[in-house]
Amino acid sequence: MPRDPRGAYLWLRPAERDAAGAIIRESRWIIRDGRKQFSTGCGAGDRAEAEKRLHEHNTKKYEPERRERPLSKIKIADVVKIYLEDIAETKPDKGKYGERAVRLLAFFGDKTLDDITGKLCRQYAEARLGQGRSNKGKGGGAKRDLEDLRAAINHHAEEGLHRGSPKIVLPKKGKPRQHWLTRAEFARLLKVCWSTREMQKVNHDGDKEGARKLTVKHPLRHLCRFLVLGIYTGSRPGAVMTAAWDRGPGRSWIDLANGRFYRLAEGDIETDKRQPVVRLSPNLAGHLARWSRMDGGHGFVVTHDGMPVKSVKTALNRAVELAGLPDGVTAYTLRHSCASWLVAKGKPTRLVADFLGTSEDMIVKHYGHLAPDYQLEAALAIGRK
């Protein structure tokens with residue numbers, strides 16, 4: 001049987017029915033590649049996700065050429081794949097690189113390096129509008145995606161696989177998020193996460209809409225530990241989600257005996273985004289000691305249904321909505337809030353920078369206006385003779 005000239009493609013497998021005509025297996029999207037079939041795990045109504053699975057399938061089986069060629073012969077898909085294999089695989093957050101690569105290749109995948117222009121980069125940025133997290137009409141992360149593409153092209157050139165320098169034009173940097181939580185807002189968010197109970201639909205005979213009742217499940221309660229550890233240490237979300245009671249590869253470590261949080265996960269390489277060891281406040285240490293006893297002193301600090309948490313995006317968005325907080329509150333808002341609280345208490349910017357693992361310039365630039373004596377010296381001087 002000759003190979004299908006289309007290569008791998010999606011096929012919607014029809015639903016299977018029993019002798020009485022009742023559906024026993026729903027229709028599913030299947031990847032057909034020659035004589036083989038691969039499940040996507042996607043139902044008939046999830047074509048977009050099935051397309052992603054097809055793209056991932058093609059990416060895994062394809063091996064790009066590694067020899068010098070003209071720009072017009074080098075597909076951007078090849079450049080990105082080489083970058084993922086050589087560089088992204090060594091990064092602790094390699095999954096994020098893969099997510100950005102999927103978005104880039106959906107737009108640039110069939111183009112070559114000599115197709116890259118400023119106009120094309122701007123078209124990509126426009127296509128991403130409103131697609132990022134909590135953006136609602138704002139930029140959708142195009143700048144970060146294009147930075148990856150630029151890095152991939154530079155790596156390709158450094159490997160001696162092309163000459164010339166296609167220029168990636170980045171969109172203008174957006175305004176930094178200025179929102180931070182007040183203590184009252186944080187308390188409200190924490191209360192929502194602890195008390196919210198799951199609603200479950202219960203169908204009754206003759207009731208087309210179906211009634212809804214509260215269950216004993218608390219779908220947002222796992223966020224409480226994430227919120228408390230994040231706000232009291234100012235740590236990046238990744239360090240909080242990998243925090244564990246016992247040391248191990250890929251884990252940041254809570255050292256209760258000495259009152260320290262080792263934020264850099266074991267085996268990770270220190271980058272520009274420093275994650276120094278941070279002292280635990282007495283209040284936080286008390287919470288952690290209690291949680292550790294509950295967990296038997298083993299495993300991860302933040303878990304959901306007994307499993308470590310990979311992302312809090314969906315749950316946190318729901319909690320923010322229920323708490324009536326402004327749009328744009330994300331996991332990183334905890335870090336901003338920690339910095340804001342410390343500066344507002346009059347703590348030296350150098351101390352705050354060391355605590356968060358960032359530069360003093362960044363603290364002064366973004367949070368300096370919150371200091372209690374901000375502009376006081378100037379205000380007093382202007383009134384003197």
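**Exercise 1. The cavity**

Which residues line the largest cavity?

*Solution.* Start with the model. It is predicted, so local features need pLDDT of at least 70 and side-chain atom pairs count only at pLDDT 80 or more, while totals for chains, interfaces and linings use all residues. Residues are numbered from 1 along each chain as its sequence is written, and side-chain values use heavy atoms, with hydrogens and water left out.

Next, the terms. On a 1 Å grid over the protein atoms alone, a cavity is a set of points where a 1.4 Å probe fits but cannot get out. A pocket is an open set with protein on both sides within 12 Å along at least five of seven lines. Lining residues have an atom within 4 Å of a point. Grid points are joined across faces, edges and corners, and a volume is the space filled by probe spheres set on the points.

Now list the lining: V80, Y83, L84, Y97, R100, A101, L104, D148, L149 and A152. The elements that give two or more residues are α2 (76–86), α3 (94–108) and α5 (142–158). Such helices (H or I, at least four residues) and strands (E, at least two) are DSSP runs, numbered from the N terminus. The largest share, four residues, comes from α3.

Then sort by class. Ala, Val, Leu, Ile, Met, Phe, Trp, Tyr, Cys and Pro count as nonpolar, Asp, Glu, Lys and Arg as charged, and the others, Gly among them, as polar. The lining has eight nonpolar, no polar and two charged residues. The space in this cavity is about 50 Å³.

**Exercise 2. The second largest pocket**

Find the volume of the second largest pocket and describe its lining.

*Solution.* The volume is about 430 Å³. There are 19 lining residues, and the closest to the centre are W194, R221, H222, C224 and R225. Two or more residues each come from α6 (183–195), α7 (223–233), α9 (282–295) and β12 (303–304). The largest share belongs to α9, with five residues. By class, the lining has eight nonpolar, five polar and six charged residues.

**Exercise 3. α7 against α9**

Describe how these two helices pack.

*Solution.* Take the angle: about 150 degrees, with the axes 11 Å apart. Axes are lines fitted to C-alpha atoms, for helices over the stretch in contact, and angles run from 0 to 180 degrees between N-to-C directions.

Take the hand: α7 passes α9 in a left-handed crossing. A crossing is left-handed if the near helix is turned anticlockwise from the far one by less than a right angle, and right-handed if clockwise.

Take the contact (heavy atoms within 4.5 Å). From α7 come R225, V228, L229, Y232 and T233, which meet N283, L284, H287, W291, M294 and D295 in α9. Six are nonpolar, three polar and two charged.

**Exercise 4. α11, α12 and α13**

Classify both helix pairs by angle.

*Solution.* Fix the cut-offs. Angles under 35 degrees count as roughly parallel, over 145 as roughly antiparallel, 65 to 115 as roughly perpendicular and the rest as oblique.

First pair: α11 (residues 332–344) packs on α12 at about 155 degrees, with axes 10 Å apart. Therefore α11 is roughly antiparallel to α12. The crossing of α11 past α12 is right-handed.

Second pair: the axes of α12 (residues 349–356) and α13 (residues 360–367) come within 8 Å and cross at roughly 110 degrees. So α12 and α13 are roughly perpendicular. In α12, T349, R350, V352 and A353 make the contact, and in α13, E360, I363 and V364.
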